[in-house]
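Visitor: Hi! I'm new to this one, could you walk me through it?
Guide: Happy to. Let's bring it up on the screen.

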Amino acid sequence: MDETKTDYVLETKDLSVFYGDFEAVKRVSMKIPQNKIIALVGPSGCGKSTFLKSLNLMHDTAEGRSVTGEIMYQGININQRAINQYILRKKIGMVFQKPNPFKMSIQKNITFPLERHGLHDKEKLQEIVQDVLIKVGLWEEVKDKLSESALSLSGGQQQRLCIARVLAMEPDIILMDEPTSALDPISTKTIEMTLDSLKSQYTIVMVTHNLAQAARLSDYTAFFSYGELIEYNPTSKVFTDPDKELTNDYITGDFG
Ligand SMILES: Nc1ncnc2c1ncn2[C@@H]1O[C@H](COP(=O)(O)OP(=O)(O)OP(=O)(O)O)[C@@H](O)[C@H]1O
């Protein structure tokens, strides 16, 4: 990667993730630049999701996993027991493959987590609801039905609501695990436009199986195979002139 004048928000050093004895992610060192979209690609089972989830310590919730190496965030290694995961996950939020709004009103989906974090000022909450719904391009569609159930929204709208819910926590980094794979092409396009507009303020790390999506949306692409980070370069380079033959084989569909 080009090391000049780049601010990194997150950096892994020799990060390995084990399920029991099986090393699903193998000593991955990766610097994640600020205000960029980073796509994680690679064949099924290569460890993309496992790596992504480890970045906000989601692995800690699953039994049998262990993680070695460092995850540097704001000058400290967050891969340690003393870290308050509840607070960390505000700063490094996660959006899942399948939209998972709470069974609550549209408005409550955004205010509920904030209230749990101690914010009760009604005016301020209202302001945040509007602000984050505007950011994900949903405000005009829902402003007259904020008290209706979030489950009444379409899949694409629900996913934008889930992104808005993460934004309300004022994260630095948003992790996304195939955020559009459960959506139709039009909703996918809308989400892609949303993500593109968000990167001026946030860093987005996204797992995607859709190489065309990685090519059109991301600034950097990381190619994984069998748990190893094979190549990590600007997306234009990965797709036109990759350093590694394995990357080329994958990109061109010649991957056995
Ligand atoms: N909870 C688990 N327990 C044991 N092994 C697991 C678990 N989750 C994932 N694995 C294994 O770890 C490896 C990496 O899985 P992971 O889901 O991270 O891959 P992936 O690249 O995201 O795959 P996909 O693209 O299919 O979602 C795979 O071999 C998988 O079988």
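Guide: What follows is a chat about the sheets, the helices, the ligand surroundings and a few residues of this predicted model.

Visitor: Let's start with sheets. What is the strand order in the open sheet of four strands?
Guide: The order is β2-β1-β4-β5, and the pairing in this open sheet is antiparallel.

Visitor: Which strands stand at the edges there?
Guide: Those are β2 and β5, which covers residues 76-77. Each has a single partner strand, so one side of each is left without a neighbour in the sheet.

Visitor: How many bridges pair β1 with β2?
Guide: Eight bridges, in the antiparallel sense, with β1 spanning residues 8-19. To see one of the pairs, look at Thr12, whose bridge partner in β2 is Met30.

Visitor: And what do β1 and β2 form together?
Guide: They form a hairpin with two residues between them. Gly20 sits in that turn, with a positive phi of about 60°.

Visitor: What about the other side of β1, how many bridges join it to β4?
Guide: Eight bridges join β1 to β4, and the two strands run antiparallel. Leu10 has Tyr73 as its bridge partner in β4.

Visitor: Tyr73, okay. Which residue is its bridge partner in β5?
Guide: In β5, Tyr73 is partnered by Ile76. Strand β4, residues 65-73, pairs with β5 over two bridges, again in the antiparallel sense.

Visitor: Now the sheet of six strands. What's the order?
Guide: This open sheet runs β6-β7-β8-β3-β9-β10, and its pairing is mixed. At the edges stand β6 (92-95) and β10 (228-234). Each of these two has a single partner strand, so one side of each lacks a neighbour in the sheet.

Visitor: By how much are neighbouring strands of this sheet turned against each other?
Guide: By 20° on average, with direction ignored.

Visitor: Do β6 and β7 run parallel or antiparallel?
Guide: Parallel, with four bridges joining β6 to β7. In one of the pairs, Gly93 has Ile174 as its bridge partner in β7.

Visitor: Switching to helices. How do people describe two packed helices?
Guide: By the angle between their axes and the distance between the axes.

Visitor: Fine, so what are those values for α3 and α4?
Guide: Helix α3 (residues 106-116) packs with helix α4 (residues 122-135) at an angle of about 125°, and their axes are 10 Å apart. That angle makes the two helices oblique to each other. As for handedness, α3 passes α4 in a right-handed crossing.

Visitor: And how do the axes of α6 and α7 cross?
Guide: They cross at roughly 20° and come within 9 Å, with α7 covering residues 185-198. Angles under 35 degrees count as roughly parallel, so α6 is roughly parallel to α7. Here too there is a handedness to note: α6 passes α7 in a right-handed crossing.

Visitor: Let's look at the ligand. Which residues come nearest?
Guide: There are 11 residues around the ligand, and Tyr19, Ala24, Ser44, Ser49 and Thr50 come nearest.

Visitor: Which helix gives the most to that shell?
Guide: Helix α1, residues 48-54, gives the most, with three residues.

Visitor: What does the shell have by class?
Guide: Around the ligand there are four nonpolar, six polar and one charged residues.

Visitor: Any residues with a positive phi that are not glycine? What's the phi of Arg27?
Guide: Arg27 has a positive phi of about 45°, although it is not a glycine. Arg27 lies in strand β2, residues 22-33. Glu170 is in a similar position, with a positive phi of about 55° and again no glycine.

Visitor: Where is Glu170?
Guide: Glu170 is in the loop between α6 (155-167) and β7 (173-177).

Visitor: How many C-beta neighbours inside 10 Å does Glu170 have?
Guide: Glu170 has 14, so Glu170 counts as partly exposed. Arg27 has 15 of these neighbours and therefore counts as partly exposed.

Visitor: One more: is Thr221 buried or exposed?
Guide: Thr221 counts as buried, because it has 27 C-beta neighbours inside 10 Å, and 20 or more is the cut-off for buried. Thr221 is found in strand β9, residues 220-225.

Visitor: What separates the C-alpha atoms of Thr221 and Arg27?
Guide: A distance of 18 Å separates them, while along the chain the two are 194 residues apart.

Note on methods: Residues are numbered from 1 along each chain as its sequence is written. This is a predicted model: local features need pLDDT of at least 70, side-chain atom pairs count only at pLDDT 80 or more; totals for chains, interfaces and linings use all residues. A residue is near a molecule or strand if its C-beta atom, placed from the backbone, lies within 6 Å of it. Ala, Val, Leu, Ile, Met, Phe, Trp, Tyr, Cys and Pro count as nonpolar, Asp, Glu, Lys and Arg as charged, and the others, Gly among them, as polar. A residue is buried if 20 or more other C-beta atoms lie within 10 Å of its own, exposed if 12 or fewer, and partly exposed in between; C-beta atoms are placed from the backbone. Two strands pair if DSSP finds at least two bridges between them. Axes are lines fitted to C-alpha atoms, for helices over the stretch in contact, and angles run from 0 to 180 degrees between N-to-C directions. Angles under 35 degrees count as roughly parallel, over 145 as roughly antiparallel, 65 to 115 as roughly perpendicular and the rest as oblique. A crossing is left-handed if the near helix is turned anticlockwise from the far one by less than a right angle, and right-handed if clockwise.
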